[in-house]
Structures are given as structure tokens and as C-alpha cells.
Amino acid sequence: MAHQLKRLVPLVALFTSLSAFANSQATDAFAPEIATGLNKKSLVVSQDWMVTAANPTATNAGAKVLEQGGNAIDAMVAIQLMLGLVEPQSSGIGGGSFLVYWDSEQSKLTTYDGRETAPAAVDSDLFIGEDGKPMGFFDAVVGGRSVGTPGTVKLLWDVHQKYGKLDWKQIIEPIAEQAEQGFVISARLAKLIANDVTFLAKHPDTARYFLQSDGSPKTEGTLLKNPQYAKTLRLMAAKGSDGFYKGPVAESMVNAVKSQSETNPGLLTLDDLTRYQVAERSAVCAPYKQFDICGMGPPSSGALTLGQIMMLTEPHKLDKLGSDNPVSWQIIADASRLAFADRGLYMADSDFVDVPSAGLLDSNYMRSRSELITPNRALASATAGTPLLLIQAAFRPIKVLSYLQRLTLMWSIAKATSFQ
């Protein structure tokens with residue numbers, strides 16, 4: 001049945017990643033970041049424009065850009081660069097980003113992949129220890145070994161050159177000034193610093209920036225200045241992305257990853273930095289009620305997984321059950337388990353793996369998977385399903401596949417269809 005097309009995406013949505021901290025928590029030792037509390041916020045309504053970010057300082061930076069006549073891309077650049085200052089544990093120019101962008105003039109939704117890429121010298125043994133076994137998580141993460149080629153700056157520069165309105169330097173200078181003047185450490189950042197004192201103390205630069213002279217963590221309310229970040233931003237303001245990927249900043253990054261990470265050096269090179277390219281990709285959209293829920297496709301698993309969860313819950317009429325009903329929670333939980341089972345088997349970097357995106361969001365496939373959910377009875381187990389498109393591919397006469405290969409594929413599909 002046809003559904004009304006409404007793009008449930010913001011004008012600009014930027015998702016970033018930076019492993020500046022190796023966080024842990026009691027229930028999940030490998031969580032990207034520990035939870036540090038929940039703050040309830042009032043509902044806000046706006047007629048013309050709205051800015052939202054993880055930190056109010058970054059939100060204000062984006063709002064000021066719009067007030068000066070900038071557009072959404074200009075505001076995105078300001079927000080992301082300010083987040084790199086005030087939320088270093090979550091986001092920064094040393095990491096990677098995804099961008100979901102709606103061009104209202106062309107009525108076009110597109111996405112940009114600016115995530116980190118592996119250095120060219122990486123091989124399958126990168127995270128294998130001297131004993132031939134996989135390294136422990138923190139043994140692999142802390143240091144230069146896990147550092148990829150950063151993509152955020154290239155993404156910001158490329159899309160600003162294509163869509164931006166204000167002058168690039170005009171956007172960056174206020175962020176550089178804030179870095180020089182300093183910002184107040186938030187409650188969240190303070191808790192994360194305290195959680196990772198052991199790891200931060202291992203490297204002089206992180207110890208000097210995040211810890212007191214006696215080795216104790218800097219606390220909430222402390223004014224933290226970062227003149228080096230300001231210097232880097234001004235190089236970027238003057239030279240664009242070349243100010244980051246070439247010259248002294250690039251050389252400093254490579255040196256830090258390879259030479260100064262003596263206990264766990266990485267493989268990043270200047271050539272990796274100069275060769276980095278942002279990829280424009282098609283968005284992934286999942287139908288839900290009268291809407292299309294759209295987001296970043298592979299190599300991100302976000303839009304596919306969220307889309308599956310929404311499609312799996314739709315037949316169960318959550319709106320009638322209500323948000324405070326434990327049955328609603330159980331249905332959402334089971335839908336999440338099924339979606340994450342598919343995520344674990346099928347979703348990967350689409351530049352190297354064929355990801356069956358259309359099959360994973362196929363309405364018939366989603367309907368069959370949703371039938372596995374029984375209200376008031378949690379799933380005993382949740383395994384990956386077999387999208388119809390994969391089954392069709394197995395039976396389709398493909399010249400490059402031998403008869404034996406097709407039989408092997410069909411056998412694998414038959415095994416995978418055992419849901420429970």
C-alpha cells in the first residue's frame with residue numbers, strides 16, 4: 001500500500017566517532033561511552049530553524065552561525081568543531097563522521113561517508129598478539145594501534161565547499177577563540193575523565209590536558225584551555241582541509257601514532273592522510289506507518305537496524321498498547337534482538353562486503369520476522385533470518401557461480417533459516 005512520503009530526517013544530521021577515551025562500565029566493558037546520568041529537558045518548538053547538539057556550547061555556536069545568515073551546513077561545521085573542543089571523549093577532528101543531508105532546493109536526500117579508514121599497511125594480524133591470540137580490548141585500543149585515518153575534517157570541508165554559504169574562516173575563528181579562552185568542564189566530561197585516569201595517565205599529552213599536576217582528574221567547573229586546538233583550527237581556516245591532512249598537523253599526527261605511542265604504535269602514514277576521500281552514498285529508508293524513516297546506510301548499520309526495529313514493531317500496534325505498558329517494552333526488546341541478529345550477520349562495510357540492504361527491509365521478510373514476536377512472551381533466542389533476496393540469488397543462474405558453489409550457498413541459507 002502506498003504511504004505518504006515524509007522524510008523523518010533533520011536538515012543536517014552529523015554522527016561522529018572518536019576514540020579519545022577507552023571507557024568501561026560494570027555491565028559492558030566494551031561500551032563506547034559509559035552513561036553519566038539523565039537530564040530531563042523541556043519540549044522546545046520553533047517556527048523557522050532549530051539547532052541541537054550534545055553540549056550547549058556547541059548548540060550556541062550553531063545558533064550564532066544561523067543568526068549571522070549562515071545555512072545548515074555552516075552551522076554543522078561550527079557545531080562539530082566546537083564539539084571537538086568541549087566533548088573530546090565523543091567527537092572531534094581526529095575521528096570520523098557520517099552526514100545525512102536534505103537539499104530542499106533539489107528535494108534530494110543524500111549521505112556522506114566521512115568515517116575513519118584503515119591505514120594502507122593494516123593486515124589481518126593487526127590485533128593479534130605475539131602469542132597468536134586476539135589482543136585484549138584495552139591492549140588493542142589504548143595507543144596508536146587502533147587509530148584509523150580521520151575523515152571528519154575532509155567531510156566538513158568538502159560539503160561546505162559544495163553547500164556552505166558563509167566564509168569558511170568566519171565560521172572557524174570563533175571556535176579558535178573559544179579554545180584559547182577556555183571552556184568549563186561539564187559534569188559528563190568530568191565523570192568520563194575520572195573513569196579513565198589510568199589510561200589518560202599513560203601518555204604525557206593526555207595526562208597534561210585532562211589531569212591535575214598530582215595525577216588526579218580535572219573536575220567539573222574547571223576552565224580548560226586548548227591553544228593547540230586553536231592553532232590547528234587556524235591552519236584549517238587558512239588552508240582548508242590541507243591544513244589538517246598536510247603539513248605540520250599531519251606530521252604531528254603520524255608522529256604521535258607511530259613514534260610517541262611507544263607501547264602500542266600504529267600504522268598511520270602521511271600517504272594515508274593525503275589519499276583520504278569522502279564518499280557520497282544513497283540514504284537508507286524504511287517505511288513506518290505513513291512515514292519513511294531515513295538515515296545513513298552501510299558502512300553504518302544505524303538506519304538498517306533502526307528501520308528493522310520499527311518495521312518489526314509496527315504490526316503489534318504499540319500506539320494502542322501505550323508507552324508505559326511492559327508489553328510494549330517486551331515487543332521493542334524482541335524486535336531489537338532480531339534486528340541486531342541480522343546486523344551481526346549481514347551488515348558490514350559495503351565497499352568490501354555485499355550488504356543485502358533492500359532484502360533486510362523487504363516488507364515480506366519483515367512481516368515473517370515480526371511473526372516471531374509474541375506479546376507477553378519473550379523470545380527464547382534470536383538468530384539472523386534469511387532475506388528473500390538472498391534466497392532468490394541462490395536459485396538464480398549466475399554464471400560466475402559453479403553448481404557446487406550454488407549448492408553451498410543454498411545449504412548455508414537452509415541452516416540460517418532455523419530461527420529458534
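**Figure 1. Strand E2 is largely enclosed by the rest of the structure, because seven of its eight residues are buried.** The model shown here, and in every view below, is predicted. E2 covers residues 96-103, and E3 covers residues 108-114. The two strands run antiparallel and are joined by seven bridges. Ser97 faces Gly114 of E3 across the pair. E2 and E3 make a hairpin, with four residues between them.

**Figure 2. Ser107 sits in the loop between strands E2 and E3.** This is the turn of the hairpin. The phi angle of Ser107 is positive, about 50 degrees, although the residue is not a glycine. Most residues other than glycine have a negative phi. Is Ser107 buried or exposed? Its relative accessibility is 53%, so Ser107 counts as exposed.

**Figure 3. Asp113 is a buried residue, with a relative accessible area of 8%.** Asp113 belongs to strand E3. What does its side chain reach? One partner is the backbone nitrogen of Arg115, at 3.0 Å. Another is Arg281: the two side chains share a polar contact of 3.0 Å. Beyond residues up to four places away in sequence, Asp113 touches Ser97, Phe98, Leu155, Tyr276, Val278, Ala279, Arg281, Met296 and Pro299. Among these contacts is Ser97, the residue that stands opposite Gly114 in the strand pair. Pro299 is also among them, and Pro299 returns in the next view.

**Figure 4. Pro298 and Pro299 are joined by a cis peptide bond.** Omega at this bond is about 15 degrees. Most peptide bonds are trans. Where is Pro299? Pro299 lies in the loop between strand E8 (291-295) and helix H13 (302-313). Asp113 is in contact with Pro299.

**Figure 5. One disulfide is present in the structure.** It pairs Cys285 with Cys294. A disulfide is a covalent bond between the sulfur atoms of two cysteines. Here the sulfur atoms are 2.1 Å apart. Why is the disulfide of Cys285 and Cys294 right-handed? The torsion about its S-S bond is about 110 degrees, so the disulfide is right-handed. Cys285 is partly exposed, with a relative accessible area of 27%. Cys294 is buried, at 9%.

**Figure 6. Lys317 occupies the loop between helices H13 and H14.** Helix H14 spans residues 318-321. Lys317 has a positive phi of about 55 degrees, although it is not a glycine. Its relative accessibility is 43%, so Lys317 counts as partly exposed.

**Figure 7. Asn264 is buried in a loop, with a relative accessible area of 4%.** The loop runs between helix H11 (248-258) and helix H12 (270-275). What lies 2.7 Å from a polar atom of the Asn264 side chain? It is the backbone oxygen of Asp139. Setting aside its neighbours within four places in sequence, Asn264 is in contact with Met135, Asp139, Ala140, Val142, Gly143, Gly144 and Arg145.

**Figure 8. The buried residues of helix H6 line one face, because they fall within an arc of 165 degrees seen down the helix axis.** H6 spans residues 187-195. Which of its residues are buried? They are Leu189, Ala190, Leu192 and Ile193. Their cover includes helix H2 (72-86) and strand E4 (183-184). Helices H7 (197-200) and H8 (204-210) are also part of that cover.

**Figure 9. The largest nonpolar core holds 60 residues.** Which of them touch the most other members? They are Met76, Leu81, Leu85, Val159, Leu233 and Phe244. Helix H2 gives the most to this core, with 11 residues. Apart from it lies another core, of 24 residues. Its members include Tyr365, Met366, Leu372 and Ile373.

**Figure 10. Leu85 is one of the core residues that touch the most other members.** Residues up to four places away in sequence are not counted in this view. Leu85 touches Gln178, Ala179, Phe183, Tyr209, Asn226 and Tyr229.

Technical notes
Residues are numbered from 1 along each chain as its sequence is written. This is a predicted model: local features need pLDDT of at least 70, side-chain atom pairs count only at pLDDT 80 or more; totals for chains, interfaces and linings use all residues. Side-chain values use heavy atoms; hydrogens and water are left out. Buried means under 20% relative accessible area, exposed over 50%, partly exposed in between (1.4 Å probe, protein chains only). The arc is that of the directions from the helix axis to the C-beta atoms. Contact means heavy atoms within 4.5 Å. A disulfide is a pair of cysteine sulfur atoms within 2.5 Å. Two strands pair if DSSP finds at least two bridges between them. A polar contact is a pair of N or O atoms within 3.5 Å; within protein, one must be able to donate a hydrogen and the other to accept it, and residues adjacent in sequence count only if both atoms are side-chain atoms. A nonpolar core is a set of buried Ala, Val, Leu, Ile, Met, Phe, Trp, Tyr and Cys residues joined through side-chain atoms within 4.5 Å.
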